[in-house]
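Subject: Structure handover

Hello,

Here is the structure I promised you. Please open it and keep it beside this email while you read.

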Amino acid sequence: MLINGKTYRTVWMADGLIHAINQLLIPAEFEIITFHDTSEVVDAIRTMVVRGAPAIGALGAYGLAQALQQLPRLDMDAIHRIKSQLQQTRPTAHDLAHGLKYVLDHIGPARTLEEMKALAVEAAETYAESSAKACKQIGAHGNALIEDGARILTHCNAGALATVDFGTALAAVRMAHYDGKSIFVYVDETRPRLQGSKITAWELAQEGIAHAIIADSAAGHYMRSGDIDIVITGADRIAANGDAANKIGTYEKAVLAGENNIPFYIAAPLSTIDFQIRSGGDIPIEERDESEILYIDGQRIASPTSPAMNPAFDVTPAKYIRGIITEQGIFKPEDIKTLADRHA
Ligand code: MRU
């Protein structure tokens, strides 16, 4: 992605150090943060310095590769412990488990620690590269759905910052813009963490794409008044039947889209699909701290003694999803199963 005239990826590794764009500071500041060890990587994923399913998939892969560089001896138990420590940071995102498994599978043939270290870095690099490539392809497929003049609604941030590069939902938007289509994006602000108003809007502004931030609760109003032609969001985990977990509030957007005959699409790489999970009911939903609801920028905005509940994701049943835009094309949710063999 191009930021202030320079090309960046969301996360990368060089000389044993992991670097990433600090998403907690956007849009106020643009900072590259460096992670030196597993505890820093775990903390960054948990606190959402790096967030978005494919981005944390790549960070997990790099994090495991980095941890291996620091091991004094070949110790498979330690490697598995580090893997599960990284994996537990965000339970809903399937990409995280996928990225970790990818590195673990690729170090399998190694006989020595040195061999293992080299294979792990190579695997993490390949993983990040192919994740970025998949997102670019998602953009090309998604672009075909966006007509000149389209008004698009998106929720949360499924942009370049949520991935290694390009984004998923926003990759399609970007490609449509690069093709010269005149488009307008309605950006749900996405309470409680405001990924829409802080990150998606910032990415669109960087690209000069026309957009406006709306309160989450305004989406229905714009759908009903005929102002939205298509809804595209990302996903954190898709079950084998096409049910999709994404940022809390996505489900209600999908239902509203259905009610108003507006096509609702999910854009996600195959790494987001959990073929082991039959339906959305089996997807673990991350519950985050109540402080995210009760405070904004350290300032309590709620009644002083009231508690809050904070599920980070919800599940949209497949029946509301017109199609899933992947790097291999656009699939009906019921056809997702057919990809399992190709992806194995
Ligand atoms: O809690 P977040 O900000 O990590 O949630 C992110 C989302 O819900 C995204 O839509 C999803 O990860 C897809 S990113 C391409």
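First, a definition: Ala, Val, Leu, Ile, Met, Phe, Trp, Tyr, Cys and Pro count as nonpolar, Asp, Glu, Lys and Arg count as charged, and the others, Gly among them, count as polar. Note too that this is a predicted model.

Now the ligand. How many residues surround the ligand? There are 18 of them. The closest are Arg51, Arg90, Asp236, Asn246 and Lys247. By the classes above, the shell divides into eight nonpolar, six polar and four charged residues.

Next, the contacts. Start at Arg51: an N or O atom in its side chain is 2.5 Å from an oxygen atom of the ligand. Then go to Arg90. An N or O atom of the Arg90 side chain is 2.8 Å from a ligand oxygen. Gln195 also takes part: one of its polar side-chain atoms lies 2.8 Å from an oxygen atom of the ligand. On its own, the ligand has 410 Å² of accessible area, and the protein covers 100% of it.

Where does the ligand sit? It is in the largest cavity. Two elements give two or more residues to the shell: helix H2 (53-69) and strand S11 (244-247). Why does the ligand lie between domain 1 (2-136) and domain 2 (141-342)? Both domains give residues to the shell around the ligand, so it lies between them.

Now leave the ligand and look at the backbone. Three spots are worth finding on your screen.

- Pro27 is in the loop between strand S4 (17-21) and strand S5 (32-35). The peptide bond from Ile26 to Pro27 is cis, with omega near 10 degrees.
- Pro192 is in the loop between strand S7 (184-188) and helix H7 (195-207). The peptide bond from Arg191 to Pro192 is cis, with omega near 5 degrees.
- Phe166 is in the loop between strand S6 (151-154) and helix H6 (169-178). Its phi is near 75 degrees, a positive value in a residue other than glycine.

Best wishes

Notes:
Residues are numbered from 1 along each chain as its sequence is written. This is a predicted model: local features need pLDDT of at least 70, side-chain atom pairs count only at pLDDT 80 or more; totals for chains, interfaces and linings use all residues. Side-chain values use heavy atoms; hydrogens and water are left out. A residue is near a molecule or strand if one of its heavy atoms lies within 4 Å of it. A polar contact is a pair of N or O atoms within 3.5 Å; within protein, one must be able to donate a hydrogen and the other to accept it, and residues adjacent in sequence count only if both atoms are side-chain atoms. Accessible areas come from the Shrake-Rupley method with a 1.4 Å probe; for residues, only the protein chains shown count as cover. On a 1 Å grid over the protein atoms alone, a cavity is a set of points where a 1.4 Å probe fits but cannot get out, and a pocket is an open set with protein on both sides within 12 Å along at least five of seven lines; lining residues have an atom within 4 Å of a point. A molecule sits in a cavity or pocket if more than half of its atoms lie within 2 Å of its grid points. Helices (H or I, at least four residues) and strands (E, at least two) are DSSP runs, numbered from the N terminus. Domain bounds come from an automatic or database domain assignment.
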